[in-house]
2 protein chains.
Amino acid sequence: MMDERALVRRIKRLSAGQAPGVVLGIGDDAAVFRPADGEDLVFTTDMLVEGVHFERDSHRPSDVGHKALARGLSDVAAMGAVPRFCLVSLALAPWCGERWVDGFYRGLMGLARSTGTALIGGDLSHSDKVTCDVVACGAVPCGEALRRGGARVGDLIFVSGSLGASALGLKCRKGAAWRRHLRPEPRLALGSFLRETLRATAAMDLSDGVSLDLRRLCEESGVAAELDGSLPIYPGATVAQALHGGEDYELVFTVSRGTVVPAEFGGLALNCIGRMVAGKPGSVSWGGQPLAALGYDHFRK
Amino acid sequence: MMDERALVRRIKRLSAGQAPGVVLGIGDDAAVFRPADGEDLVFTTDMLVEGVHFERDSHRPSDVGHKALARGLSDVAAMGAVPRFCLVSLALAPWCGERWVDGFYRGLMGLARSTGTALIGGDLSHSDKVTCDVVACGAVPCGEALRRGGARVGDLIFVSGSLGASALGLKCRKGAAWRRHLRPEPRLALGSFLRETLRATAAMDLSDGVSLDLRRLCEESGVAAELDGSLPIYPGATVAQALHGGEDYELVFTVSRGTVVPAEFGGLALNCIGRMVAGKPGSVSWGGQPLAALGYDHFRK
């Protein structure tokens with residue numbers, strides 16, 4: 001078993017590098033970050049639990065590290081923000097050796113580097129099951145963060161990419177769909193485009209399935225959604241996987257009527273799937289019928 | 001079992017209230033915080049695991065919630081910072097009912113309110129063992145955060161309060177020492193006093209025992225410590241508990257020779273226990289003998 005000092009040294013080495021705003025990184029009681037003038041900071045935190053979010057046998061440690069950060073960066077993207085830093089808390093299980101720990105941080109740092117996210121701190125502990133919690137912070141010009149609550153009656157609803165890949169991958173465990181499940185790509189460039197150029201009225205990332213996530217967006221906005229029955233479905237996925245499957249990490253967003261939305265952005269399709277209407281806040285219809293919110297809920301049996 | 005929406009609503013209600021800088025709290029993809037001009041932000045994160053940091057039978061849920069936040073705020077204090085906000089990730093075990101969850105958040109929010117810390121977000125999950133991870137953020141005037149690495153040869157070393165209470169409490173499980181173990185009080189006012197008034201050269205909180213924590217401070221500062229053998233020991237605790245026991249959450253700090261340090265601050269004793277000397281960085285002596293760093297290490301057998 002490793003000792004804690006050696007482990008911290010190893011993580012420090014893997015995370016080395018400068019990042020704007022980072023005054024003090026790993027190694028003190030706390031990290032120090034200097035915000036830029038005129039920016040709001042957005043904060044999100046996501047847990048990843050062995051046996052719940054990943055399996056020891058089927059998920060490589062680098063995949064676990066990648067996903068642990070990708071989930072937070074997907075939220076950062078949904079706010080229209082640019083990543084700044086993250087903190088990583090990790091409880092190791094008895095079966096974790098140095099190779100697993102190295103792989104985990106390599107996967108995490110790979111995504112951190114490619115997105116400009118500095119690893120500035122965290123905590124180490126142990127438990128029966130590997131448990132990690134990642135805090136991600138992003139920056140956005142003051143007052144410009146994209147929220148869930150800004151959609152208005154008449155707004156058009158769009159989704160990026162295609163849906164159901166992650167649920168399909170989890171079922172078949174092979175090919176491109178499985179890789180999509182293991183290595184989701186946070187839609188950071190799209191998030192900034194939605195904020196700066198399209199002036200989206202609301203945005204949210206799809207982590208628990210569009211049926212559940214869109215209900216949440218509608219509740220916050222106080223509107224109802226009418227989906228026309230069209231949906232960009234990932235090749236091979238079922239309609240149910242596309243509607244209710246979690247972990248696609250695409251963005252759902254709304255724009256004012258009349259906004260010109262390109263058919264794609266950076267190779268990612270942008271499809272209109274319906275519009276916001278007056279009605280019971282949070283109710284979603286699909287091809288004229290009420291759509292049940294069957295997405296993932298941790299506490300539902 | 002609760003559903004996730006009901007749980008989030010409950011937490012939102014418990015955490016209600018305004019706090020400076022908080023633009024958007026619980027309920028969106030991410031929380032939004034607006035930093036004040038001229039301030040650095042400090043960030044720390046701490047995990048609390050059932051069976052490692054607390055026991056279901058002996059720790060009330062409100063004690064667990066209090067301690068989950070207290071550990072982070074103790075780091076904030078050690079940086080000389082003022083608390084701003086926290087995010088709380090919580091994985092619930094199958095045995096957790098609504099009463100436990102309510103108690104946990106009540107304990108946490110009690111400390112949050114009394115210290116001006118806003119709860120702005122988090123994550124909910126489930127696991128075999130209750131696991132929580134709290135991120136705490138504090139603010140400090142630009143460039144003024146107290147670090148571990150600032151101690152110089154000749155500086156005097158002080159500790160606040162008395163040591164060994166938590167280790168004693170953990171052993172005897174009753175009385176004032178046990179309450180100190182269950183409900184540590186972050187030394188926030190002292191941290192600000194060290195930064196503003198005493199201009200401490202280095203500071204750190206005592207979470208793993210002074211023998212281990214002081215070694216870490218010395219390593220970062222590139223100095224050795226000579227302890228004179230005096231130590232403010234909690235009544236009833238042994239010297240070993242005071243030297244190596246963890247979780248006292250007092251502050252150890254250094255000041256330049258000639259600094260006038262009061263005998264107490266706000267009812268908390270401030271005792272000089274030694275001085276920094278030239279020598280192997282990180283080595284600590286105690287009454288003329290080398291002091292082994294026997295404090296708590298998660299990964300040592």
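**Reading a predicted two-chain model**

Author: Let us start from one pair of residues: in β3 of chain B, B:V42 is the residue that A:V32 stands opposite. The model in which this pair is found is predicted.

Reader: Which strands are joined by bridges there, and in what direction do they run?

Author: Strand β2 of chain A, residues 31–33, is joined to β3(B) by three bridges, and the two strands run antiparallel. Two strands count as paired once there are at least two bridges between them.

Reader: How should one describe the extent of the contact between the chains, and how many residues does each chain give?

Author: The size of an interface is often expressed as the accessible area lost when the parts come together. Here the description is by residues: 59 of chain A are in contact with 59 of chain B. On the chain B side, strand β3 (residues 39–49) supplies the largest share, nine residues. Sorted by class, that side of chain B has 28 nonpolar, 20 charged and eleven polar residues.

Reader: Turning to a single chain, what helices and strands are there in chain A?

Author: Chain A has eight helices and 14 strands. Its radius of gyration is 20 Å, close to the 19 Å of the globule rule for 301 residues, so chain A is as compact as a globular protein of that length. Along the principal axes, its C-alpha atoms fill a box of roughly 60 × 45 × 35 Å. Of its 301 residues, 57% count as buried.

Reader: What share of the contacts in chain A, among residues at least 6 apart in sequence, join residues at least 24 apart?

Author: The share is 86%.

Reader: Into which domains is chain A divided, and how far apart do their C-alpha centres lie?

Author: Domain 1 covers 4–141 and domain 2 covers 156–290. Their C-alpha centres lie 26 Å apart. Between them, 19 residues of domain 1 are in contact with 18 residues of domain 2. On the domain 1 side, the elements giving two or more residues are α2 (61–78) and β4 (82–92) of chain A. Of these, α2(A) provides the largest share, eleven residues. By class, this side of domain 1 comprises nine nonpolar, six polar and four charged residues.

Reader: Which residues have the most contacts inside the largest nonpolar core?

Author: That core has 189 residues, and those with the most contacts inside it are A:V42, A:C86, B:V42 and B:C86. B:V42 is also the residue with which we began, opposite A:V32. For A:C86, neighbours within four places in sequence are left aside; its contacts then include A:L69, A:G72, A:A112, A:T117 and A:L119. Further contacts of A:C86 are A:V134, A:V135, A:A136 and A:C137.

Reader: How should one read the backbone angle phi, and what is its value at A:E247?

Author: A negative phi is found in most residues other than glycine. At A:E247, a residue other than glycine, phi is positive, near 65°. B:E247 likewise has a positive phi, near 65°.

Reader: Where do these residues lie, and are they buried or exposed?

Author: A:E247 is in the loop between α8 (239–244) and β10 (251–255) of chain A. B:E247 is in the loop between α8 (239–244) and β10 (251–255) of chain B. The cut-off for burial is 20 or more other C-beta atoms within 10 Å. A:E247 counts as buried because it has 22 C-beta neighbours inside 10 Å. B:E247 is buried too, with 22 other C-beta atoms within 10 Å.

Key
Residues numbered from 1 in each chain as written. Chains lettered and ligands numbered in written order. Predicted model: local features only at pLDDT ≥ 70, side-chain atom pairs only at ≥ 80, totals over all residues. Helix = DSSP H or I, 4+ residues; strand = E, 2+ residues; numbered from the N terminus. Rg over C-alpha atoms; globule rule 2.2 N^0.38 Å. Buried ≥ 20, exposed ≤ 12 C-beta atoms within 10 Å, placed from the backbone. Contact = placed C-beta atoms within 7 Å. Domains from an automatic or database assignment. Nonpolar A, V, L, I, M, F, W, Y, C, P; charged D, E, K, R; others polar. Core = buried A, V, L, I, M, F, W, Y, C linked by C-beta atoms within 7 Å.
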